[in-house]
Amino acid sequence: MAYLLYQGHTIVSSAVYEDVSGKWRLTACVSWQENRNEDRFHFIRNSPERFCRSEDAENAGLEAGKCWVQRKAKQTVAS
């Protein structure tokens, strides 16, 4: 499991082993607070990418989470 604080968001990434492919896939959860009483979550799953090492899947999950936060910030500015 990998953990990162990024631009006011918490990103937690983990690797899930697939018996069928014999490889790892990423999963990630991005969380943040909209206001003091409201926790928000976004889940990143079902990536087509597979990895030979769990560490690579975890790192890819962190990167996917960072990209999601950046896209969310751009949409907020554009609104």
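The buried residues of helix α1 are covered by elements that include strands β1, β2, β3 and β4. Everything here comes from a predicted model, and this packing of helix and strands is a good place to start looking.

Which residues of α1 are buried? They are S54, A57, E58, A60, G61, L62, G65, W68 and V69. If you scan that list with helix geometry in mind, one rule helps: an α-helix has 3.6 residues a turn, so residues three or four places apart point the same way.

The helix itself covers residues 54–78 and lies across β1, β2, β3 and β4, running at about 140° to β2. How does its length work out? At 1.5 Å a residue, the 25 residues of α1 should span 36 Å, and the end C-alpha atoms are indeed 36 Å apart, so the two agree.

Not every residue of α1 is tucked away. A64 also belongs to this helix, but with a relative accessibility of 24% it counts as partly exposed, because buried means under 20% and exposed means over 50%. A64 also shows how the chain folds back on itself: L26 is 38 residues away in sequence, yet the C-alpha atoms of the two are 9.2 Å apart in space.

Now for the sheet. Its 4 strands make an open sheet in the order β1-β2-β3-β4, with antiparallel pairing. The edges are taken by β1 (2–6) and β4 (38–44); each has a single partner strand, so one side of each has no neighbour in the sheet. On average, neighbouring strands are turned by 20° against each other, direction ignored. Looking at one pair, β1 and β2 are joined in the antiparallel sense over 5 bridges, and Y6 stands opposite H9 in β2.

At the other end of β2 you'll find E18, as this strand runs over residues 9–18. What does the side chain of E18 make polar contacts with? Two of its partners are the side chains of S21 and R50, listed here:

| Side chain | Polar contact with side chain of | Distance |
|---|---|---|
| E18 | S21 | 3.0 Å |
| E18 | R50 | 2.9 Å |

Leaving aside neighbours within four places in sequence, E18 is in contact with K23, R25 and R50. R50 therefore turns up twice for E18, as a contact within 4.5 Å and as a polar partner.

To put the picture together, an antiparallel open sheet of 4 strands has helix α1 lying across β1, β2, β3 and β4, and those strands are among the elements that cover the buried residues of α1.

Notes: Residues numbered from 1 in each chain as written. Predicted model: local features only at pLDDT ≥ 70, side-chain atom pairs only at ≥ 80, totals over all residues. Heavy atoms only, no water. Helix = DSSP H or I, 4+ residues; strand = E, 2+ residues; numbered from the N terminus. Polar contact = N/O pair within 3.5 Å; in protein donor to acceptor, adjacent residues only side chain to side chain. Pairing = 2+ DSSP bridges. Axes fitted to C-alpha atoms, helices over the stretch in contact; angles between N-to-C directions. Buried < 20%, exposed > 50% of the residue type's maximum accessible area, 1.4 Å probe, protein only. Expected span 1.5 Å × (residues − 1).
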